[in-house]
Amino acid sequence: MRTSAPERALGLVVLCAILAAVAFLSVTQGSRSIDLPDVLRALGNLGGDQTITSTVTLELRVPRTLLGILAGAALGVAGAILQGVTRNPLADAGIMGINAGAAACVVFAVTVLGIRGIGVYVWFAFAGAAAATVLVYSIASMGREGATPVKLALSGAAVTAGLLSVTSAIIMTDVDALNELRFWQVGSLAGRYAPILTGVAPFLLLGLLLSLGCGRALNGLALGEDVARGLGQRVGLTRAAAFALVALLAGAATAACGPIVFIGLVVPHLARFLCGPDYRWILPYSMLLAPVVLLLADVIGRVAGAPGELQVGVVLAVLCAPVFVGIVRYARLTEA
Amino acid sequence: MHTWRSILAVATVGVLLAGCGGGTDEPDTPAAAGPWSFKSGNGETVTAEKTPTRIIAHAGEAAALMSFGIRPVGIYADEPVKTDANLKNLDLAGITILGEEWGKIDVEKAASLAPDLIVGDWWPVEKAYSGLEEGVDEKSKKLTELAPIVGVTQGESIADLAEGYEALAKSLGAKVDDPKIAENKQRYEKAVAAFKAATAAKPNLTAAGMSPTDEKVYVANPRYAPELLDFQRWGLKVMNPATPDADFPYWETLSWENADKYQPDLILWDGRAYKDTLNAEFGRKQPTWFEVKAAKAGAVVSWPAYWLHTYGDFATELEKLTTAINGADENIGS
């Protein structure tokens, strides 16, 4: 799609409006049906009477929606950065070992330290994701050329395989760990309240802010390393910084919600389709598109599953798989 | 003749070891007689020329037999015997453990025990014996080729289950009237009477089997929880959830937004997860948990979910529940 700068800017405004609408849906709709006036009353009456409707609105839905926005944005941007820096259209946080590292650390917390509860897993998952990223990067950095995209992909796959085999070996023998991990591993926004939101929000906000500044560098890398170098870019440094940023964004998001698939993979392609190949636009587009997709999927899971809920990871897999097939089928979309 | 003597020797050593270990004083395994027959849960009558003595049993069923003084030679369990609710307090010295994970039975080891009877609950819905259901390792199913298999029907009542194993143990030669053995049943009968009296005194008291987790709240469907059906029969109004999950009707799953859908006066908390501190913990971390009034009032008690097999264990659990019912307020949930 050929678009001019004002058109792209207008697109961003439209996306903002859509995100606001979806966020409104996410607060007003859910597995419990609450009349709109009651929701508005709860929102307008923050310190007021505690009723179940106000508790559900303010303590369940609002933090969940905010977390969905932040985590979604982080995963979308992390995916876009990774696809740019590795020049691999199939890259997402999973290939950097983030999910495997986080899962391994959660299992470690359950089996060895006997710790339970999403609130504590967050920090173990974060640490695991960070450690796995460092490991992947340092393995890929060995040798003369440094961390090339191919070596990163290989090292990511190797570390992921290694961590997953250890994780499976442990959960095969420990039913408790299996049960805990089973829930964590689907990816969900349920049961995450204010403490988790305030815990990860600073990391996510910082990461999102920094990521907006790396569009130019990614544009340079997209032309190939030699060209980028010719343009005066310090390729190794850019790559390392981008990886640190992805670890921060995807690590914090994964820690809070569990591994959420497809968002990081699919959304950057949608963004590219809408705004063209310039990363200075792809990044903000991804940042707005991803939470729209994530929140919509979450709302669908909550309304469709009532009186229970479907985990957002499940809904996303169902929704995004066809989109992904479309991307593969009409490859132009990726190379636009 | 030789094998027979070695079997006796093994049995004696087992009993001696048991005596040394926990001091539980299991009476001697009775000597074989015959012929023997037992009508199993699937309706078939199994017969043998001699009364079986070398028994391999599934976890809870083994505990049931042992409570009547019948000591199996091998046990297969669905989890480590150290944590299995039925086995963790028993002295298992001398008994070969053939599996500690659902679906995985070491059949080769089982064969080396030369069993003459396998004992497992019969599951009428699954149409299979414990540990041999759909989904287990195919190799595990070969256990049935070693010896005939019998069991009591699961599903409707723990009282019936315990009675069934009493009958099986009796057929295997247990002296069920031995004062030490009968003591459990007497305690159980007393516990049932006390439970009935407690519920009769509070005719409006409602209860619900619940299991809150980080992501969801589960409400138990008594139809698939034999002990909850027993409680209902004995006068406790255990709530039947309106829309049990279609794919797994043991529970109705509620999102945390809907945690207050049921308002019992007393929460029967899934005993596999229960800890005294959990209710307060969930009140702290789940904003809507205390919207369940009984939770807010602390009216929670552990419910022995899906594992009971013996009069003794049932009596102990009933006594705890009776205390909770006596202390409960009929009007919390309403």
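Here, a residue counts as buried under 20% relative accessible area, as exposed over 50%, and as partly exposed in between. Take A114(B) as a starter: at 48% relative accessibility it falls between those limits, so it counts as partly exposed. Keep in mind that what you are looking at is a predicted model.

**Two residues with positive phi**

A114(B) is worth a second look for its backbone too. Its phi is near 45°, a positive value in a residue that isn't glycine. You'll find A114(B) in the loop between helix 3 (107-112) and strand 6 (117-119) of chain B.

Chain A has a case of its own. R87(A) also has a phi near 45°, again positive in a residue other than glycine. R87(A) lies in the loop between helix 3 and helix 4 (98-111) of chain A, and its relative accessible area of 44% makes it partly exposed.

**Salt bridges**

Side chains of opposite charge can pair when their charged atoms come close. Searching the whole structure turns up 23 salt bridges over all chains. Three of them are set out here.

| Salt bridge | Closest N to O distance |
|---|---|
| D38(A) with R41(A) | 2.8 Å |
| R61(A) with E257(B) | 2.8 Å |
| E281(B) with K285(B) | 3.8 Å |

Let's start with the pair that joins R61(A) to E257(B). This one crosses between chains: R61(A) sits in helix 3 (residues 52-86) of chain A, while E257(B) is in the loop between strand 13 (251-255) and strand 14 (266-270) of chain B. Are the two partners buried or exposed? R61(A) has a relative accessible area of 0%, so it is buried. E257(B), at 2% relative accessibility, counts as buried as well.

That pair also belongs to something wider. R61(A), R64(A), D298(A), R302(A), E309(A) and E257(B) are linked in a network of salt bridges. If you are clicking through side chains, E257(B) is the chain B member of that list, alongside residues from chain A.

Next comes the pair within chain A. D38(A) and R41(A) both lie in helix 2 (residues 36-44), three residues apart, or about one turn of the helix. D38(A) is partly exposed at a relative accessible area of 25%. R41(A) reaches 52% relative accessibility, which is over the 50% cut-off, so it counts as exposed.

Chain B has a helical pair too. E281(B) and K285(B) are four residues apart in helix 7 (residues 278-285), so about one helical turn separates them. Both are partly exposed: E281(B) has 28% relative accessibility, and K285(B) has a relative accessible area of 30%.

**Surface patches**

Which residues form a nonpolar patch on the surface? L10(A), V13(A), V14(A) and I18(A) do, with about 350 Å² of accessible area together. L10(A) is found in helix 1 (residues 5-28) of chain A, and at 53% relative accessibility it counts as exposed.

On chain B there's a patch of another kind. E156(B), D160(B), E163(B) and E189(B) form a negative surface patch. Of these, D160(B) is found in helix 4 (residues 158-171) of chain B and is partly exposed, with a relative accessible area of 48%.

**What the UniProt record says**

For chain A, an unreviewed UniProt entry annotates "transmembrane region" at several spans, including residues 193-219 and 240-267. In the model, residues 193-219 are 85% helix and 0% strand, with end C-alpha atoms 38 Å apart. Residues 240-267 are 82% helix and 0% strand, and there the end C-alpha atoms are 23 Å apart.

For chain B, an unreviewed UniProt entry places "domain: Fe/B12 periplasmic-binding" at residues 53-332. Over that span the chain is 32% helix and 18% strand, and its end C-alpha atoms are 53 Å apart.

**Some distances across each chain**

S138(A) lies in helix 5 (residues 118-141) of chain A and, at 38% relative accessibility, counts as partly exposed. How far apart are S138(A) and L248(A) in space, C-alpha to C-alpha? They are 17 Å apart, with their positions 110 residues apart in sequence.

In chain B, K320(B) is found in helix 9 (residues 311-327) and is partly exposed, with a relative accessible area of 44%. K320(B) and K127(B) are 193 residues apart in sequence, and their C-alpha atoms are 33 Å apart in space.

Conventions: Residues are numbered from 1 along each chain as its sequence is written. Chains are lettered from A and ligands numbered from 1 in the order in which they are written. This is a predicted model: local features need pLDDT of at least 70, side-chain atom pairs count only at pLDDT 80 or more; totals for chains, interfaces and linings use all residues. Side-chain values use heavy atoms; hydrogens and water are left out. Patches are made of residues with over 30% relative accessible area and no salt bridge: like charges are joined within 9 Å, nonpolar side chains (Val, Leu, Ile, Met, Phe, Trp, Tyr) within 5 Å. Accessible areas come from the Shrake-Rupley method with a 1.4 Å probe; for residues, only the protein chains shown count as cover. A salt bridge is a side-chain nitrogen of Lys or Arg within 4 Å of a carboxyl oxygen of Asp or Glu. Lys and Arg count as positive and Asp and Glu as negative; His and the chain ends are not counted. The place of a charge is taken as NZ of Lys, CZ of Arg, CG of Asp or CD of Glu. Buried means under 20% relative accessible area, exposed over 50%, partly exposed in between (1.4 Å probe, protein chains only). UniProt positions are given in the numbering used here, feature names are shortened, and annotations may be inferred rather than shown by experiment.
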